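Work through the exercises below with the coordinates loaded. Each task is followed by a stepwise solution.

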Amino acid sequence: MEAVVLFVVAGLFAVVSGINDGGALVATGLKLPTVRPVTGVLVLVVAVATVPLLTHQVALTFVNRLASFDEPGARIAMTIAVVAALIVVTTLSAKGRPTSLTLAVVGGLTGAGLGWGLPVSGGSVALVLAFGVAAPIVGGLLAWVLIRVLVAATTARGLWRWHWAGFLLQTLAYASNDAQKMLAVFMVAAGFTGAPVTYTVLVAALFGIGTMYGLPRGGRTLSREIIVSRPAHGVAAELSAGTAVIASAAAGMPVSMTQAIAGALIGAGVAQGGGRVRWYAAGKIVAAWLLTLPASGLLGWGLALLMKGFAGVRWT
């Protein structure tokens, strides 16, 4: 029964990930017509389905390095962690404070693991958080440099080509890193440790549904609210965020693609004058990030204690 519940929650989580992440990924470069939304969603879905077949180290980090989710009670702890993450992200988004679902999952996994009594690695949690803080900063610094290069050395036609390159890099980075949080939940639900193609395709399909639904909101938040953007800003953000996130994936460290994109957009905006950045909107997003991890961690911890007190540990 616990596996069935977690399986349903995993499916819902994949759809919400599409709404929260996928729309933002496709929307970053919408001011250039090079990658049409439908084409962008299709490319993103194919990457989410296929890249984990080559590498799924980030998924294993979610399952094994933050806390040990092969212990008795692991499925209910994972269910609690995901539910806590979804509650926090939904609540903050409803209040106009979009945040990182990946950050919420890290908090939820840590809190639920502690509350349920699973082994939690403080060192691994700290390392993941360090990479999470570094990714948007590195993305911002890279974008600060790249926007200058693009403006100085690229024509309109050349910018289109760079847009395709940036979008593909960003897509591969997401599929090799941030997207694998979805696969990790199915790993615990179904009890596998690899990346069976059946599950990667299922994750990608559910993610694609959420992406189509979340595209308008993602475009409004990133393309309009953070900075007064031009096409070059989106291209610089794609290249910079993709580089930062794929480097983190090489280390097996999960980071938020949307956080990296936001940092890169701010870096690109600052490079051409701080007046391009809508600092109030950027501040709201950063404040939401700061709230997300402790809120999801505390909620996961409290729910795990509550469930353990009611049900005890009765797992097969």
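The exercises cover a pocket and then three single residues.

This is a predicted model, in which local features need pLDDT of at least 70, side-chain atom pairs count only at pLDDT 80 or more, and totals for chains, interfaces and linings use all residues. Residues are numbered from 1 along each chain as its sequence is written, and side-chain values use heavy atoms, with hydrogens and water left out.

**Exercise 1.** Describe the largest pocket by volume and lining.

Step 1. A pocket is an open set of points on a 1 Å grid over the protein atoms alone, where a 1.4 Å probe fits, with protein on both sides within 12 Å along at least five of seven lines. The volume is the space filled by probe spheres set on the points, which are joined across faces, edges and corners. For the largest pocket it is about 520 Å³.

Step 2. Lining residues have an atom within 4 Å of a point. There are 25 of them, and Gly 132, Val 133, Pro 136, Gln 259 and Trp 289 are the closest to the centre of the pocket.

Step 3. Helices are DSSP runs (H or I, at least four residues), numbered from the N terminus. Two or more lining residues come from each of H5 (101–116), H6 (122–153), H11 (257–271) and H12 (279–311). H6 gives the most, with nine.

Step 4. Sort the lining by class, with Ala, Val, Leu, Ile, Met, Phe, Trp, Tyr, Cys and Pro as nonpolar, Asp, Glu, Lys and Arg as charged, and the others, Gly among them, as polar. The result is 17 nonpolar, eight polar and no charged residues.

**Exercise 2.** Is Ser 296 buried or exposed, and what does its side chain reach?

Step 1. Ser 296 belongs to helix H12. Its relative accessible area is 0%, so Ser 296 is buried (under 20%; exposed is over 50%, with a 1.4 Å probe and protein chains only).

Step 2. At 3.1 Å, its side chain reaches the backbone oxygen of Leu 293.

Step 3. Leaving out residues up to four places away in sequence, Ser 296 touches (heavy atoms within 4.5 Å) residues including Ala 84, Val 88 and Gly 108.

**Exercise 3.** Place Leu 25 and Ala 249 in the fold.

Step 1. Leu 25 lies in helix H1 (residues 2–27) and is buried at 1%. Beyond four places in sequence, its contacts include Phe 167, Tyr 174 and Ile 261.

Step 2. Ala 249 lies in helix H10 (residues 231–250) and is buried at 12%. Its C-alpha is 8.4 Å from that of Asp 178, 71 residues apart in sequence.

Methods: A polar contact is a pair of N or O atoms within 3.5 Å; within protein, one must be able to donate a hydrogen and the other to accept it, and residues adjacent in sequence count only if both atoms are side-chain atoms.
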